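User: I'm new to this one and would like a close look at a single part of it. Could you pick one long helix, walk me through it, and then show me how it sits among the rest?

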Amino acid sequence: MVKHGGDAEGGLRRYHAIRVPLTAAAPGMEEGSSSDPDLMADADVSLLQRASKLISSSTAAYHSKPASFWYLLALSAGAMLTAFPASSLLSRVYYDAGGQSKWILSWSAVAGWPIPALLLSPCYLLLEGASPTWPPPLGLCLWYALLGLLSAADNLMYAWAYAYLPASTASLVAASSLAFSAVFGRIIVKKNNRMGLATVNAIVVITAGVVIVALDSGSDRFPGITDSQYAVGFALDVLGSALHGFIFALSELAFATHLAAAGNNGGPAPSSRFHVVLEQQAAVSLSAFAFTSAGLAVFGEGFGAMGQEAAGFAGGKGAYAMVLGWSAATFQVGVLGATGVVYLGSTVLAGVLNAVRVPVTSVAAVIWFHDPMSGFKILSLVITVWGFGSYMVGNSGRRRQQNVQVGN
């Protein structure tokens with residue numbers, strides 16, 4: 001307490017006492033605040049206010065798009081997270097049951113090209129404002145041919161990878177497509193593929209999960225696989241993942257350049273033009289089917305090898321036909337989902353979901369094929385989910401800021 005001299009009255013000197021706080025006031029506290037218990041709960045109130053603000057802004061972001069947009073995006077994401085793991089597991093079933101041809105396996109992936117073509121007619125009838133874009137212009141046909149050729153090469157690389165790598169390991173390596181998707185999306189498309197902190201964090205975290213399981217990949221290596229074969233499978237898996245991200249970026253560029261122009265210039269919303277996803281996938285799959293069929297006939301074992309494989313396939317010809325048939329169906333559904341995510345979202349979002357399917361495939365392999373589930377794989381599962389959540393939370397916040405700026 002410091003004493004200051006005051007006024008003298010009647011020979012007496014009066015003093016004023018001023019209390020000096022022992023510690024500085026907490027930052028952000030208003031003048032005159034005290035240590036009242038009600039005021040001590042300011043931090044809790046602030047957290048509640050932040051949570052309320054987050055919920056309200058998320059609700060506003062949800063209402064900024066029509067409900068059909070979110071339904072289609074959820075359906076596309078669900079197709080990716082279910083059909084792609086099923087297709088990967090069927091590739092392992094093919095090899096384990098006696099299949100040996102990489103060309104036949106890659107051919108079966110694109111043999112389901114009529115599936116998106118058959119879905120087009122209901123879309124034309126049910127979707128308001130949906131109209132065929134056929135016959136496509138020459139430039140769009142060249143895009144379809146290029147994407148078909150790249151898809152055929154990508155499928156062949158993955159067929160080689162699954163011949164030498166376990167399903168869990170091959171899928172974990174394939175999660176590296178997230179990094180390639182982010183880079184190619186930023187370089188080729190740029191729009192909707194900004195490399196923000198949340199995106200970089202998701203890439204680093206999910207890639208770390210891939211590396212963690214890769215360190216334990218030798219524990220479930222197939223018997224009889226040499227080091228050189230394993231290295232070839234690993235390298236082709238990485239190259240296929242890079243090509244996968246490149247295809248995502250080119251698909252988004254094709255949408256932005258040729259198909260989604262009307263939606264960006266005051267035309268129909270993307271959800272009402274979702275039929276263009278089926279149109280592109282039908283044309284690209286048909287192109288890939290043509291390239292793969294030519295490769296099987298010229299460079300592969302030929303179509304006659306299917307009968308020979310079916311004769312020695314575990315379960316007989318019926319099982320062989322079912323494995324190839326379901327491979328075709330699941331792959332087409334997965335690619336349709338991925339193309340839908342690219343169209344409605346972005347290349348980076350498709351890459352993130354493509355990486356999230358990795359733990360789904362690993363867990364499914366443990367359940368159906370009794371693959372060992374080590375601590376490394378469990379840790380990778382947790383890290384991958386964390387990275388996906390980081391991307392969704394961070395980028396949803398960026399979208400909310402963009403919506404606020406547009407509204408102002």
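Analyst: Here is a walk along helix H15, followed by a look at some other parts of the chain.

First, a bit of setting. Keep in mind that what you see is a predicted model. The chain has 408 residues, and 45% of them count as buried. Its secondary structure comes to 16 helices and 2 strands. The accessible surface is about 20800 Å², with 67% of that belonging to carbon and sulfur atoms. If you take contacts between residues at least 6 apart in sequence, 83% of them join residues at least 24 apart. You'll meet a few pairs like that below.

Now to H15 itself, which covers residues 347-369. Start with its partner, helix H8, made of residues 177-189. The axes of H8 and H15 are 8 Å apart, and the angle between them is about 180 degrees. An angle over 145 degrees counts as roughly antiparallel, and therefore that is the description for H8 and H15.

Which residues meet where these two helices pack? On the H8 side they are Ser177, Leu178, Ser181, Ala182 and Gly185. On the H15 side they are Thr347, Val348, Gly351, Val352, Asn354 and Ala355.

Before leaving H8, have a look at Ala179, which also belongs to that helix. Ala179 is partly exposed, because its relative accessible area is 25%. Its C-alpha lies 8.9 Å from that of Val200, although the two are 21 residues apart in sequence.

Back on H15, move along to Val356. Is Val356 buried or exposed? It counts as buried, because its relative accessibility is 11%, and the limit for buried is under 20%. Leaving out residues up to four places away in sequence, Val356 touches Leu81, Thr384 and Phe388. Leu381 is another residue to find from here: its C-alpha is 8.7 Å from that of Val356, with their positions 25 residues apart in sequence.

Further along H15 comes Val363. Here the picture changes, because Val363 has 32% relative accessibility and so counts as partly exposed. Together with Ile367 and Trp368, Val363 makes a nonpolar surface patch of about 350 Å². So within this one helix you can point to Val356, which is buried at 11%, and to Val363, which is partly exposed at 32%.

With H15 in hand, let's step out to other helices, beginning with H3, residues 67-96. A search of the whole structure finds 1 salt bridge, and its two side chains are those of Asp96 and Arg92, at 3.1 Å from N to O. Both residues lie in H3, 4 residues apart, which is about one turn of the helix. An α-helix has 3.6 residues a turn, so residues three or four places apart point the same way. The two ends of the bridge are covered to unlike degrees: Asp96 is partly exposed because it has 47% relative accessibility, while Arg92 counts as buried because it has 10%.

Ser91 is also in H3. This serine is buried, because its relative accessible area is 11%. Setting aside neighbours within four places in sequence, its contacts are Leu105 and Tyr162. Ser106 is worth finding too: it is 15 residues from Ser91 along the chain, and their C-alpha atoms are separated by 9.4 Å.

Another serine to find is Ser293, in helix H12, which spans residues 275-298. Ser293 counts as buried because its relative accessibility is 14%. Beyond neighbours within four places in sequence, it is in contact with Trp107 and Phe303.

How many residues of helix H7, residues 167-174, are buried? The count is 8 of its 8 residues, so by the under-20% limit for buried the helix is mostly covered. Among those buried residues are Ala167, Thr169, Leu172 and Val173.

Last comes Val211 in helix H9, residues 197-214. Val211 counts as partly exposed because its relative accessibility is 45%. Its C-alpha is 9.7 Å from that of Phe376, yet the two are 165 residues apart in sequence.

To retrace the route on screen, begin at H15 packed against H8, go on to buried Val356, and finish the helix at the patch with Val363, Ile367 and Trp368.

Definitions and conventions. Residues are numbered from 1 along each chain as its sequence is written. This is a predicted model: local features need pLDDT of at least 70, side-chain atom pairs count only at pLDDT 80 or more; totals for chains, interfaces and linings use all residues. Side-chain values use heavy atoms; hydrogens and water are left out. Patches are made of residues with over 30% relative accessible area and no salt bridge: like charges are joined within 9 Å, nonpolar side chains (Val, Leu, Ile, Met, Phe, Trp, Tyr) within 5 Å. Accessible areas come from the Shrake-Rupley method with a 1.4 Å probe; for residues, only the protein chains shown count as cover. A salt bridge is a side-chain nitrogen of Lys or Arg within 4 Å of a carboxyl oxygen of Asp or Glu. Buried means under 20% relative accessible area, exposed over 50%, partly exposed in between (1.4 Å probe, protein chains only). Contact means heavy atoms within 4.5 Å. Axes are lines fitted to C-alpha atoms, for helices over the stretch in contact, and angles run from 0 to 180 degrees between N-to-C directions. Angles under 35 degrees count as roughly parallel, over 145 as roughly antiparallel, 65 to 115 as roughly perpendicular and the rest as oblique.
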